[in-house]
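Student: I should like to learn how to read the features of a structural model. May we proceed one feature at a time?

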Amino acid sequence: MKLAVIEGDGIGREVIPEAVKVLDAFGLDIEKVPLELGYARWEKVGTAMSNKDLETIKGCDAVLFGAVTTVPEPNYKSLLLTIRKELDLYANIRPIKPLPGVVGITGKSDFDLIIVRENTEGLYSGIEGIGPEISWTKRIVTRRGSERIAEYACKLAKQRKNKLTIVHKSNVLKSDHLFLDVCRRTASDHGVEYGDMLVDSMAYSLMIHPEKYDVVVTTNLFGDILSDMCAALVRSLGLVPSANIGEKYAFFEPVHGSAPDIAGKGIANPFAAILCIKMLLEWMGEPHYLIIDEAIADVLQKKIVTPDLKGTARTIDVGNAVAEYVIKNI
Ligand code: NAD
């Protein structure tokens with residue numbers, strides 16, 4: 001197994017080493033391939049990622065990624081979108097589940113949902129133009145793209161509560177009619193109980209009644225926004241991991257960005273990055289992946305937490321404590 005490790009910029013460089021420490025605690029035979037990509041690399045050599053980097057990534061089985069700061073160039077093409085497209089990582093999976101004893105802004109903790117986001121098309125098609133008077137981005141929804149994300153979401157729903165919510169904006173966006181139709185039919189074919197919600201009502205409902213939802217399937221931009229919003233449900237952006245899954249490759253990244261406001265202070269919460277390791281291990285079929293949940297619960301109980309969880313621990317203290325638990329209990 002070959003894993004590309006891309007720390008990226010800002011707090012990516014602080015949380016990914018802690019995640020790798022936890023991965024190493026499992027003692028698995030994984031060859032790590034470090035790559036320096038992102039804004040800092042662009043500042044040094046004028047490019048955030050080269051074709052050679054992309055080939056190196058394609059030579060690996062999976063990627064662990066921190067976060068990158070967006071390059072301030074009008075024609076900059078997001079390296080993250082490029083990797084998702086090149087590796088055909090069509091399903092972006094974002095579990096929204098409270099950690100033991102950690103309550104978010106709504107005070108609720110009785111929910112456990114997963115956002116399944118179409119990851120290669122929608123408003124992130126990359127087909128766009130900029131001009132002084134008019135700028136535009138084309139929103140693409142294809143039958144194939146909708147079918148494969150609907151299939152993925154239904155398979156996941158069947159492993160959980162057999163319940164799917166399709167999120168769209170088909171009252172305004174004609175392109176969402178196809179997405180909605182395909183998702184409804186796929187759910188019906190799989191015998192999955194389903195309903196649908198307009199994305200604006202869904203945002204409200206998620207804040208008030210997150211417990212009503214299990215698997216939520218949606219298009220690219222809506223999934224991106226809803227999952228950041230849901231980070232407030234579990235308290236911090238530093239707690240939400242994600243997996244980008246394709247037929248051949250998988251790519252694991254915390255939902256958060258490079259957080260320039262706290263970068264370099266050693267106080268970023270590494271739990272999201274560490275939970276990415278749990279998702280990676282599950283994807284690899286490693287049977288002990290749930291030890292990470294136990295380790296995080298233990299560390300939370302000992303109050304070894306960063307300031308976003310009202311603690312005084314540093315990023316490295318949290319990583320050390322989780323890794324020690326894994327080493328003792330594996
Ligand atoms: P952000 O996610 O970096 O930060 C938003 C807020 O959440 C900040 O107050 C930050 O301190 C806090 N936060 C984020 N992660 C945290 C953690 N692990 N622990 C504690 N607090 C945490 O979003 P932003 O400020 O809008 O973006 C900063 C840069 O990151 C921008 O250049 C943006 O384009 C980029 N970005 C990259 C990715 C990615 O690479 N996947 C994702 C989102 C944003």
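Student: How many residues surround the ligand, and which are the closest?

Tutor: Please note that this is a predicted model. In it, 21 residues surround the ligand, and the closest are Val68, Thr70, Gly257, Ala259 and Asp261. By class, this shell comprises 11 nonpolar, seven polar and three charged residues.

Student: Which polar backbone atom is 2.9 Å from a nitrogen atom of the ligand?

Tutor: That backbone atom belongs to Asn269. Oxygen atoms of the ligand also have such partners: one is 2.9 Å from a polar backbone atom of Val68, and a distance of 3.1 Å separates an oxygen atom from a polar backbone atom of Ser258. The protein buries 68% of the 810 Å² that the ligand exposes when taken alone.

Student: Is Asp261 buried or exposed?

Tutor: Asp261 is exposed, because its relative accessible area is 59% and the cut-off for that class is over 50%. Asp261 is located in the loop between strand S12 (250–254) and helix H9 (271–284). Its C-alpha atom is separated by 27 Å from that of Met279, 18 residues apart along the chain.

Student: How should one read a salt bridge, and which side chain does Asp88 meet in one?

Tutor: The general idea is that side chains of opposite charge can pair when their charged atoms come close. In this structure, Asp88 and Arg148 meet in a salt bridge with an N to O distance of 2.7 Å. Asp88 lies in the loop between helix H4 (79–86) and strand S4 (91–96), and Arg148 in helix H5 (residues 143–159), so the pair ties together parts that are 60 residues apart in sequence. Asp88 is partly exposed at 26% relative accessible area, whereas Arg148 is buried at 14%.

Student: With which residue does Asp176 form a salt bridge?

Tutor: The partner is Arg139, and the closest N and O atoms are 3.1 Å apart. This pair links distant parts of the chain, with Asp176 in helix H6 and Arg139 in the loop between S7 and H5, 37 residues apart. Asp176 is buried, with a relative accessible area of 0%, and Arg139 also counts as buried, at 19%. Elsewhere, salt bridges that share partners join Arg13, Glu36 and Lys44 into one network. A search of the whole structure finds 20 salt bridges.

Student: Which residues form a nonpolar patch on the surface?

Tutor: Ile127, Ile134 and Trp136 form such a patch, with about 320 Å² of accessible area together. Trp136 belongs to strand S7 (residues 136–137) and is partly exposed, with a relative accessible area of 44%.

Technical notes
Residues are numbered from 1 along each chain as its sequence is written. This is a predicted model: local features need pLDDT of at least 70, side-chain atom pairs count only at pLDDT 80 or more; totals for chains, interfaces and linings use all residues. Side-chain values use heavy atoms; hydrogens and water are left out. A residue is near a molecule or strand if one of its heavy atoms lies within 4 Å of it. A polar contact is a pair of N or O atoms within 3.5 Å; within protein, one must be able to donate a hydrogen and the other to accept it, and residues adjacent in sequence count only if both atoms are side-chain atoms. Accessible areas come from the Shrake-Rupley method with a 1.4 Å probe; for residues, only the protein chains shown count as cover. Ala, Val, Leu, Ile, Met, Phe, Trp, Tyr, Cys and Pro count as nonpolar, Asp, Glu, Lys and Arg as charged, and the others, Gly among them, as polar. Patches are made of residues with over 30% relative accessible area and no salt bridge: like charges are joined within 9 Å, nonpolar side chains (Val, Leu, Ile, Met, Phe, Trp, Tyr) within 5 Å. A salt bridge is a side-chain nitrogen of Lys or Arg within 4 Å of a carboxyl oxygen of Asp or Glu. Helices (H or I, at least four residues) and strands (E, at least two) are DSSP runs, numbered from the N terminus. Buried means under 20% relative accessible area, exposed over 50%, partly exposed in between (1.4 Å probe, protein chains only).
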